[in-house]
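Visitor: Could you take me through one part of this structure up close? I'm new to this, so please explain the words as you go.

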Amino acid sequence: MASVLVVEDDQFVRSALIRHLTDASHTVRSVGTALEALREVAHVRFDVVILDLGLPDLDGSEALKMLRGITDVPVIVATARDDETEIVRLLNAGADDYLTKPFSVEHLSARMAAVLRRARSGAGAGEPSPVIRVGGLTVDPLRRQAELDGARLDLTRREFDLLAFLARRPGVVVPRKELLAEVWQQSYGDDQTIDVHLSWLRRKLGETAANPRYLHTLRGVGVKLEPPGAGAPR
């Protein structure tokens, strides 16, 4: 089971989450402010953080950025804000997933399981993965580092996972459903999640969807990564 930090200032919601997670055999700690959350993750190793955005001392999205500055623990954001701009902002700030309030305990359990599977598979034992080279792009799965033409790329964990997955299949069109299943560990989901991460990954690779170099999207089919000059999608 997992060690979970619940960051929620509403006592009723907080108690309900603690009860549900404890019943599911998780170890739970809880706090009601962003600063308390930062102190907790600085001193305790958690498997996942459930972060409410409506905190009394600091906006949750700012707290998320601060968390990302000190830890790569998976973060599931719980928010009542369901507009597209806000969701994109949260994913860009480093959220691994999000839930729109109100949500069921079953939905929370499913999202937690997916996030934990992804985190654990990324840290799993086995033979070290060889360094991958695609054109001027170098991806080192063991060190979780990527470089473009010798310059290190500053990637979030999910951006790295997406890039590494595609780099292992150069020139192969990967369906979106496969990306959701393998990178996000979800059997269903919103294509917007993939689009957001592809957009930010393209920016860091110095390209755009209109003028791709490495990442090519085939509308209605999927995504492929290949070196510049290897051919454009048809």
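Guide: Here's a stroll through a small sheet, the helix lying across it, and then a pair of helices. First, some ground rules: this is a predicted model, where local features need pLDDT of at least 70, side-chain atom pairs count only at pLDDT 80 or more, and totals for chains, interfaces and linings use all residues. Residues are numbered from 1 along each chain as its sequence is written, and side-chain values use heavy atoms, with hydrogens and water left out.

Helices (H or I, at least four residues) and strands (E, at least two) are DSSP runs, numbered from the N terminus. Strands pair if DSSP finds at least two bridges between them. Here, 3 strands make an open sheet in the order 10-12-11, with antiparallel pairing. Strand 10 (174-175) and strand 11 (215-218) are the edges, each pairing on one side only. Strand 11 pairs with strand 12 (residues 222-225) over 4 bridges, and His216 has Lys224 in strand 12 as its bridge partner.

Now for the helix: helix 6 (residues 157-167) lies across strands 10, 11 and 12, at about 75° to strand 12. Axes are lines fitted to C-alpha atoms, for helices over the stretch in contact (heavy atoms within 4.5 Å); angles run from 0 to 180 degrees between N-to-C directions.

Elsewhere, helix 3 (residues 60-70) packs against helix 4 (residues 84-93) at about 15°, their axes 9 Å apart. That makes the two helices roughly parallel, a label for angles under 35 degrees. Ser61, Leu64, Lys65 and Arg68 of helix 3 meet Arg89, Leu90 and Ala93 of helix 4.

Conventions:
Angles under 35 degrees count as roughly parallel, over 145 as roughly antiparallel, 65 to 115 as roughly perpendicular and the rest as oblique.
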